[in-house]
Amino acid sequence: TGLPTFVSTAGLLLDLPGAHFLGVIIDPAKWENSEPLLVRERLHVVHAPTNPIAKGTNFVAPVARALQDEGLVDYTELRGIPNHQMPAVFAQADIVLDQFRAGDYGVGACETMASGRLVLAHVSDQVRNEVERRAGMSLPIPETTPGNVEEVLRDVAARRDHYRGIAAQGPEFVRRLHNGDFSRDTLMRNFLDA
């Protein structure tokens with residue numbers, strides 16, 4: 001048709017190189033909380049295996065369970081929780097294990113960042129470079145893969161102040177790319193005003 005095409009995540013630009021990155025949209029205010037982060041002796045780690053294959057649950061859940069048995073973390077898999085209850089769930093978490101296969105991030109990671117919680121996920125360099133260019137700041141998601149998830153979780157436990165600083169950048173990152181303003185401007189510039 002020759003009309004502009006838009007994609008909701010930066011990773012989709014690999015499939016549609018001529019598309020415009022629109023970015024998923026969340027309401028940051030819904031996710032704000034003042035709960036302290038990384039203060040428990042045992043880190044509270046959560047994972048929502050909405051699609052276990054895509055999320056890489058079979059890679060990360062055994063590691064999290066082993067670290068729970070060791071006493072380093074408390075691990076919870078989130079299943080069947082309505083979205084309106086998720087802000088309270090995230091407020092009680094320290095770390096959210098997001099996805100470890102796609103190399104991208106989406107709504108769940110944005111909600112977690114808006115909550116000021118630490119997101120761990122595998123995000124490709126292509127996605128990181130694209131969103132950093134758009135946001136003017138780095139994506140505050142430490143690169144975590146099935147091969148290093150244990151190492152990263154242990155590092156979080158050992159260097160809590162460092163990771164609090166990363167998580168504290170999440171709300172600002174979401175405001176820059178995922179609160180609707182960036183997407184509105186993209187639509188206006190590349191479609192509605194074109």
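How many of the eight residues of helix H5 are buried? Here are some friendly notes, with that helix at the centre.

1. A word on the model before the details: this is a predicted structure. The protein chain carries ten helices and six strands. A compact globule of 194 residues would have a radius of gyration near 16 Å, and the protein chain, at 17 Å, agrees with that. Along the principal axes, its C-alpha atoms fill a box of roughly 55 × 30 × 30 Å.

2. On burial and surface, 49% of the 194 residues in the protein chain count as buried. The area that the protein chain exposes is about 9300 Å², with 52% of it supplied by carbon and sulfur atoms. Among contacts with a separation of 6 or more, 68% come from residues 24 or more positions apart.

3. As for charge, the protein chain has 19 positive side chains and 25 negative ones. The centres of these two sets lie 1 Å apart.

4. Back to the opening question: six of the eight residues of helix H5, which spans residues 107-114, are buried, so the helix is largely enclosed by the rest of the structure. The buried set consists of Ala-109, Cys-110, Glu-111, Thr-112, Met-113 and Ala-114. You may like to pick out Glu-111 on your display, as a residue with an acidic side chain that is listed among the buried ones.

5. What encloses H5? Its buried residues pack against three helices and two strands: helix H1 (28-31), helix H4 (86-91) and helix H9 (170-177), together with strand E5 (95-97) and strand E6 (118-120).

6. The two sides of H5 are worth a look as well. Ahead of the helix, the loop between E5 and H5 holds Ala-102. Ala-102 is exposed, with a relative accessible area of 60%, and its C-alpha lies 17 Å from that of Phe-21, a residue 81 positions away in sequence. On the other side, Ser-115 sits in the loop between H5 and E6. Ser-115 is buried, at 2% relative accessible area. H5 is also followed by Gly-116, which has a positive phi near 75 degrees.

7. Which residues does Ser-115 touch, leaving aside those up to four places away in sequence? They are Trp-31, Asn-33 and Phe-90. Two of these names, Trp-31 and Phe-90, come back in the next point as an aromatic pair.

8. The count of aromatic pairs comes to four. In one of them, the ring centres of Trp-31 and Phe-90 are 5.7 Å apart and the planes meet at 40 degrees, so the pair is tilted. This pair links distant parts of the chain, with Trp-31 in helix H1 and Phe-90 in helix H4, 59 residues apart. Trp-31 counts as buried at 2% relative accessibility, and Phe-90 is buried too, with a relative accessible area of 4%. Helices H1 and H4 are also among the elements that the buried residues of H5 pack against, which ties this pair to the picture in point 5.

9. One backbone angle to inspect is at Leu-38, where phi is positive, about 60 degrees, although the residue is not a glycine. Leu-38 belongs to the loop between H1 and strand E3 (43-47). Is its side exposed or buried? Leu-38 is buried, with a relative accessible area of 1%.

10. Turning to helix H3 (residues 57-70), we find Ala-64. Ala-64 is buried, with a relative accessible area of 0%. Beyond four places in sequence, Ala-64 touches Val-73, Tyr-75 and Leu-97. The C-alpha atoms of Ala-64 and Val-149 lie 8.6 Å apart in space, although 85 residues separate the two in sequence.

11. Finally, helix H7 (residues 149-158) contains Val-152, a buried residue with a relative accessible area of 9%. Not counting residues up to four places away, the contacts of Val-152 are Leu-120, Glu-143 and Thr-144. From Val-152 to Pro-142 the C-alpha distance is 8.4 Å, at a sequence separation of ten residues.

Note on methods:
Residues are numbered from 1 along each chain as its sequence is written. This is a predicted model: local features need pLDDT of at least 70, side-chain atom pairs count only at pLDDT 80 or more; totals for chains, interfaces and linings use all residues. Side-chain values use heavy atoms; hydrogens and water are left out. Helices (H or I, at least four residues) and strands (E, at least two) are DSSP runs, numbered from the N terminus. The radius of gyration is taken over C-alpha atoms; the globule rule is 2.2 Å times the number of residues to the power 0.38. Buried means under 20% relative accessible area, exposed over 50%, partly exposed in between (1.4 Å probe, protein chains only). Contact means heavy atoms within 4.5 Å. Accessible areas come from the Shrake-Rupley method with a 1.4 Å probe; for residues, only the protein chains shown count as cover. Lys and Arg count as positive and Asp and Glu as negative; His and the chain ends are not counted. The place of a charge is taken as NZ of Lys, CZ of Arg, CG of Asp or CD of Glu. Rings of Phe, Tyr and Trp (its six-membered ring) pair if their centres lie within 6.5 Å; planes under 30 degrees apart count as stacked, over 60 as edge-to-face and the rest as tilted.
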